[in-house]
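Let's take a relaxed walk through a protein model, one stop at a time. Have the picture open and turn it as you read.

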Amino acid sequence: MGSSRSSLRGVPDGQQLLQETGFSAALLLRLHQRFQFLDKDSRGHLRSEDLEAELSENPIGDRIVGAFFQPGQETVDFPSFVRVLAHFRPTEKNWTRDGVQPEPANSRNRKLKFAFQLYDQDRDGKISRTELLQVLREMLGLQVTEEQLQSIAERAIQEADLDRDDAICFDEFRKSLEKVDIDHKMSVRFLE
Amino acid sequence: MFSRMAPRGRSGLGRSLAELGLLLLAILVLLDGTVLSLEAATSSEIDTHEGKPGTHKNTSKKSFPVLGIKYDDVSVPFEISLWVLLASLMKLGFHLIPRLSNVVPESCLLISVGLLVGGILKLARDEVPPVLSDRIFFLCLLPPIILDAGYFLPIRPFVENIGTILMFAVVGTLWNAFFVGGLIYAVCQIAQDKYSEIDLSNIGILPCLLFGSIISAVDPVAVLAVFEEIHINELLHILVFGESLLNDAVTVVLYHLFEEFMESGSVSAVDALLGLVSFLIVALGGVLVGAFYGILAAFTSRFTSHTRVIEPLFVFLYSYMAYLSAEVFHLSGIMSLIACGAVMRPYVEANISHKSHTTIKYFLKMWSSVSETLIFIFLGVATVEGEHHWNWVFLTSTVVLCLVARVIGVVGLTFIINKFRIVKLTTKDQFIIAYGGLRGAIAFSLGFILHSEHKRIFLTAIITVIFFTVFVQGMTIKPLVELLAVKKKHEAKRSINEEIHTRFLDHLLTGIEDICGHYGHHHWKNKLNRFNKKYVKKILIAGDRSKEPQLIAFYHKLEMKNAIQMVESGGGSKLNSTFPSTVSMQNIQPKIHSPPSARPSERALPQLTKGREEEIRQILRTNLQKTRQRLQSYNRHTLVVDPDEEGFDDLILKKRRMMELDWKVCKTSSHKSSNAIYSQAYVKPGAENVPTIKIDLASPQSPDSVRLLDEVVQDQGLTMSLPSSSSRAYKTSGKDDGRDQQKLLRCLSDPGPDVDDDEDYDDDEPVPT
């Protein structure tokens, strides 16, 4: 423990992050090295261009990059970077909910919430039809026509929308994914 | 026998049918016996007849034979047909007695029948034909089952768990083989049974190891037969089943290795190393051969648009060739077959017509079903046939050692594997995996072709283990699954939401992996998908379907199924379900968002008043035929009712009549019909007294329901001429018309079993998300 404590000296908020995210010290160090690698000009924070360079081919790259930044901010510092990545840590099976501890970042609920916020860009708590259409457009690109997109979006909303407000709120989103193993689907093994 | 089988308190019809079936069986068996003995008689007659031709001609003129028996010419096909008929009748019989088939798994019943038949034959003729020869088994009986398994292999869970499966298959089987082989040798040395005439200590270490390698392999046929009835969750099913498929390579290598060693008499370190190399060659070679034939099949299917009838033949032939080619080079035939089926499936399915798809599915299920039945019956017969060397020490220790080895192997391997898995395997899972390690006919056949002097005792032991696993473990696994409350299979369809969101999450995870700089699971999957989309699909899939994104294809299928459901179940009542699209509605009235109301049907048809809706329902009810309830679940024993029989003609005719009621198309110029994929239902408000509904099944290139009906009705032998005014609106370039009609025919000709369609949706890409 002592050696890791000393090696975490270069990492801002190292100890606190260890506790918050549940990452091991070695992993935190590696993430810090990665952060410094991405931070090409050694500013100590990342801008969106740094992240976008990695995600050039990803259809939803902008959204992912946007998720790292707090609303209004233009830079990401290391703690925020790590906090976002904490969502993708594999869940421990034995974690039971007790009222005292705050929900860890990689619980099923938090993972779903993170994904939901990627859809819901205007942060009004609902995925509206236009937002869904945008996502579909990004994912399917130029291969389909506008009408196909419309009908898919229409059908998706009809299936999921239980309270008939023509938008998908977080509970409906969670319900439509109840059969999917989110713990597996949204975990990156590297972050164990 | 009859009193035992007669069910208590069942309906009279069922009882009499079951008894009839048994009577038929007995008759068949006796017929078989008498015919075979008659064959001996007639052949001797013919001999004597030909012995003195000359004298006969001179002395008397033979009267013209009005009726004669000449069995020789047809003996082989006749007997084969008799056996297959027996097997099928048995299957029929068992499912007429539901109580029995609930308690006892089918495999046990079939083995019992085989024992019975073998016993009867032995009594009748004092010898039993050697039916389970290895050639029949490996060349005729095994391939259909493996092909069925490989073609419908759920790729996604298989690839996700491939590491675990390989560990169990390779390391587990090796451990089993050496453990059982070594300890059996020890037992043989130690145990000296004074009452038995067999001297166990004669059996050397190498024969014991050979025996161990034969007995250690989990058998896919037995696993399939038993697991199919217990419906456990997907993960466990794929783990045990995948292991049973992949351990074939290990078994083949070990078997040949130990046989070689036995011949040469000595083992060296170089030989062991060569064994390892040979394993890699056998496994990878088998997969490559299979993949090669799979790609050939996919490529061939690209050009079959004009000869749809022989499409299924290509699938079967290429697969069988893959199996045989692998066997020629002593590679693993099973792995070759699996690879062939899995590789060719996504491309072939994109190319062939829906009817061919149905044909392939049903033929494979039929053949594998019959094969499985025959295998178990033959197992029973072969048990009666051989002379057995009973040695209680050997037998009991074999059974015990197999169980112990399996348990230790599974527990030990899971401990290691769980360090690498995200979703860990629990103790319950481990128990099921260990308990599901059934041995079957492959072990028997391998034992059959042994050239060892101890063949008989080995065979007896193998049969004992097979009987033990199939009977004891097979019968008790179902109540154990219930007792342990193991998670069962979800019998649910994927919704469009799940599809969209899982795709989204895949992109998200790929992005996160890229940010972390880690080349993980998703990264490689992404790369493979991209490669597939860019190059492979263009070559192997015909026409424009190669560009269709998978999400669209999935959505398309969903819509088709919905439309079929709507038509078949009478339309009116189904209006309440998810209505396909409101894009057409947008063209009629500019309002996109209707006021929120209680039912989705009202949202989709906002202008419809209650009264009007009732009238529509009335019309639909009187015109459309209410079809029978569609079977929702699917297994090997139930097939969906064939839509081509009774009533389908009427359905089409009535549907056409209904569509003629309203032939005006609601369409504005902005409607890009050439690319409309969805099924639309239009409502024309106010033009006539009764707003009628036109259900229009559309397809990518040319949504032309008119043409569809033409095609279909002509199939049924009727002729009709439909007004071509509407078709004008839809006419596009005719190059893909043929395929579109096929596509439309697809949806009308075969609704398909629901559960299986899940597999269809999932696996359009080689490594789907």
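What follows is a short tour of a predicted model, going from one chain to the other.

**Chain A**

Start with the overall layout. Chain A holds eleven helices and two strands, and reading along its sequence gives the pattern α-α-α-α-α-α-α-β-α-α-β-α-α. Of its 192 residues, 50% are buried. Now look at contacts in chain A between residues at least 6 apart in sequence: 53% of them join residues at least 24 apart.

Next, find helix H6 of chain A, residues 78–86. Eight of its nine residues are buried, so the rest of the structure largely encloses this helix. The buried ones are A:Phe78, A:Pro79, A:Ser80, A:Phe81, A:Val82, A:Val84, A:Leu85 and A:Ala86. And what covers them? The cover includes helices H2 (14–21), H3 (25–38), H4 (48–54), H5 (61–68) and H7 (108–119) of chain A, along with helix H21 (496–516) of chain B.

**Two helices side by side in chain B**

Over in chain B, helix H10 (residues 205–215) packs against helix H20 (residues 455–484) at an angle of about 25°, and their axes are 11 Å apart. Angles under 35 degrees count as roughly parallel, and therefore H10(B) and H20(B) are roughly parallel to each other. The crossing is right-handed. On the H10(B) side, the contact is made by B:Pro207, B:Phe211, B:Ile214 and B:Ile215, while H20(B) brings B:Phe458, B:Ala461, B:Ile462 and B:Val465. Sort the residues of this contact by type and you get eight nonpolar, no polar and no charged.

**A covered helix**

Helix H23 of chain B runs over residues 550–568, and its 19 residues reach 27 Å from first C-alpha to last, close to the 27 Å expected. H23(B) is mostly covered, with 17 of its 19 residues buried.

**Positive phi angles**

Most residues other than glycine have a negative phi. Here are three residues with a positive one, including a glycine:

| Residue | Phi | Place |
|---|---|---|
| A:Asp166 | near 65° | loop between H9 (146–160) and E2 (168–169) of chain A |
| B:His231 | about 50° | loop between H11 (220–230) and H12 (234–264) of chain B |
| B:Gly570 | about 100° | just after H23(B) |

Are the two that aren't glycine buried or exposed? A:Asp166 is buried, with a relative accessible area of 17%, whereas B:His231 counts as partly exposed at 30% relative accessibility.

Terms used:
Residues numbered from 1 in each chain as written. Chains lettered and ligands numbered in written order. Predicted model: local features only at pLDDT ≥ 70, side-chain atom pairs only at ≥ 80, totals over all residues. Heavy atoms only, no water. Helix = DSSP H or I, 4+ residues; strand = E, 2+ residues; numbered from the N terminus. Expected span 1.5 Å × (residues − 1). Buried < 20%, exposed > 50% of the residue type's maximum accessible area, 1.4 Å probe, protein only. Axes fitted to C-alpha atoms, helices over the stretch in contact; angles between N-to-C directions. Parallel < 35°, antiparallel > 145°, perpendicular 65-115°, else oblique. Left-handed = near helix turned anticlockwise from the far one by under 90°. Contact = heavy atoms within 4.5 Å. Nonpolar A, V, L, I, M, F, W, Y, C, P; charged D, E, K, R; others polar.
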